[in-house]
Amino acid sequence: MRLLVELSLLTLVAASSSTGAGSSVTTPLGDFAPTKGSTCACKKLSCELGEVILPSSATYVVQAAENYWDVRADLSPACIFLPASADEVSKAVSIFKSCNAQFAVRGGGHMNYPGSNNIDGGVLLALEKLNNVIVKRDTIEVGPGLNWYDVYSALEPYGRAAIGGRLKTIGVPGLSLIGGFHYFNNKYGYAMDNVVSYDIVLGNASQITVNKSSHPDLFWALKGGANNYGIVTKFTLRTFDIPKVSTTIQVYNESGIPDFLTAVCDMAMLDDKDPIAAGMVATVQYNATTKVASASLLGVQEGVSRPPSQFANFSAIPATTRINNVTTMKQWATDLDSPKQMFRVMFSHKTMKPDADVLHSIYKTWKDAVDQIADIEGLYPTFVINIASASAARVARTNGVGNVWGLEEESHILWQFSTGWALAQDDLRVEAWSRQLAEHLHAINVKKGIASEFVYMGDAGEWQDPFAGFPKENVARMREIRSSYDPKGIFSRLNWGGFKLGI
Ligand SMILES: Cc1cc2nc3c(=O)[nH]c(=O)nc-3n(C[C@H](O)[C@H](O)[C@H](O)COP(=O)(O)OP(=O)(O)OC[C@H]3O[C@@H](n4cnc5c(N)ncnc54)[C@H](O)[C@@H]3O)c2cc1C
């Protein structure tokens, strides 16, 4: 069991695109003067709602820096407020509006787009005190201060599971609002497809409940629309009867990588009408110093078939490690940690139709290109592959609600460069390298006719515009819905960070 835990951690550190060592480095926070708006808001929050955390507070560094996964997200807010109820979120929004104060909102703090969840000189609203959880017969009500481990833990005694994050410390709100890749998307759809109701504070500070029959336009827009509409204070998630899961951890050396990439494409192309829920984290790691590459699979399948039947193609590849187990979602997540504060990380991702030869060629080009930046301190390059299956898209196409992605019932491979490094001086160099490489390889796929313009916010770099890959009519509809629910532009003008719809 100990081996399992150690391996899981090692693999997950790679899968989470970190710099491998897992040690924590806190950069000194910058010295940003509060704006007129934030000075007004910090004062009012303190007078009307109680304690705000100021730069002089003992807990300021934890809140402004250490609660973030990517060191680049460590910024210097003028003050930090931790609302304890939806009413306090509403009052805070009203204060931001009246003071014209810029603000950021943090859930689990995992988004590595600097400024998406933190702010220099503005107000940070950190949601961790909104941590209520209520388990019902086939749903769970979850506060946005919780992470997916909290959800899986609350559901375990009932033998049920929700569709959420694959790592335990990812926040419920960020992942649910952008889509949500889980192991079981192929059967149950994405996390967003399984939110049955949202309680949300709008830009005018009103609180509404949004579901299929109440504000159905906003209900649709919240399914992938990110932080463009308001602050969600409660998610009600559908749950499923999944008392046990069958898991497999496999590690392959370099000679197994071609077969590994083929097995990933084979899995993407499976399109059962009645799928067995199964999915994975698939990664290739490359050490630019030793010039050694290896691949790893973390596979999870619903039920107790041991080994998990859907991973037979992977199990046929000679592996240096292969551990099969039957466990619960909570126990699996327990062993797969992602520390709160990692190094600097740049994501770049593109999408294509499953094609093992092309995927292999992308991997080889990436590996060769890594050698160009091998001198960067703390370099930790990972090639990550995710599957968006036809059956996952079918859920939204047949559930009477849909989502903003509007994906056709086709399978896709999301390929991603996830590059960790140590020093701020290399930020621009890593971004330029990663972006140019991704754009170059995508352009080749465009010529071949196998590229898709779909970009997932959870895997994208801040240089990417995921909305450009959504159907144009969906983006137009999302903007109309935004105009109707946030006519004053509170969630674009004052809360401007992250993947915003633009004008
Ligand atoms: C190590 C790692 C592993 C990952 N694994 C997966 C995975 O398995 N599957 C997957 O789909 N994605 C994965 N992701 C991507 C992840 O889903 C996103 O980064 C997601 O935004 C994280 O959610 P959070 O609550 O932790 O984020 P935060 O950084 O707190 O928030 C993300 C964005 O949402 C906004 N926001 C937060 N709370 C609210 C709210 N209540 N109302 C409105 N807006 C809000 C924030 O302002 C911010 O713009 C992973 C990311 C990392 C770093």
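## A word on handedness

A crossing of two helices is called right-handed if the near helix is turned clockwise from the far one by less than a right angle, and left-handed if it is turned anticlockwise. With that in hand, here's the helix pair to look at in this predicted model: α2 passes α4 in a right-handed crossing.

## The α2/α4 pair

Two packed helices are described by the angle between their axes and the distance between the axes. For α2 (residues 36-49) and α4 (residues 86-99), the axes come within 9 Å and cross at roughly 145°.

On the α2 side, the contact uses Gly37, Cys40, Ala41, Lys44, Leu45, Glu48 and Leu49. They meet Glu88, Lys91, Ala92, Ile95, Phe96 and Cys99 in α4. Sort the contact residues by type and you get eight nonpolar, four charged and one polar.

## Domains, and α4 again

The domain assignment splits the protein into domain 1 (31-126), domain 2 (133-241 + 471-490) and domain 3 (245-469). Between domain 1 and domain 2, the C-alpha centres are 22 Å apart. Their contact draws 12 residues from domain 1 and 17 residues from domain 2.

Which element gives the largest share of the side of domain 1 that touches domain 2? That's α4, with six residues. This side of domain 1 breaks down into six polar, five nonpolar and one charged.

## What the record says

An unreviewed UniProt entry annotates residues 73-242 as "domain: FAD-binding PCMH-type". In the model, that span is 23% helix and 25% strand, and its end C-alpha atoms lie 36 Å apart.

Notes: Residues numbered from 1 in each chain as written. Predicted model: local features only at pLDDT ≥ 70, side-chain atom pairs only at ≥ 80, totals over all residues. UniProt positions renumbered as here; feature names shortened; annotations may be inferred. Helix = DSSP H or I, 4+ residues; strand = E, 2+ residues; numbered from the N terminus. Axes fitted to C-alpha atoms, helices over the stretch in contact; angles between N-to-C directions. Contact = placed C-beta atoms within 7 Å. Nonpolar A, V, L, I, M, F, W, Y, C, P; charged D, E, K, R; others polar. Domains from an automatic or database assignment.
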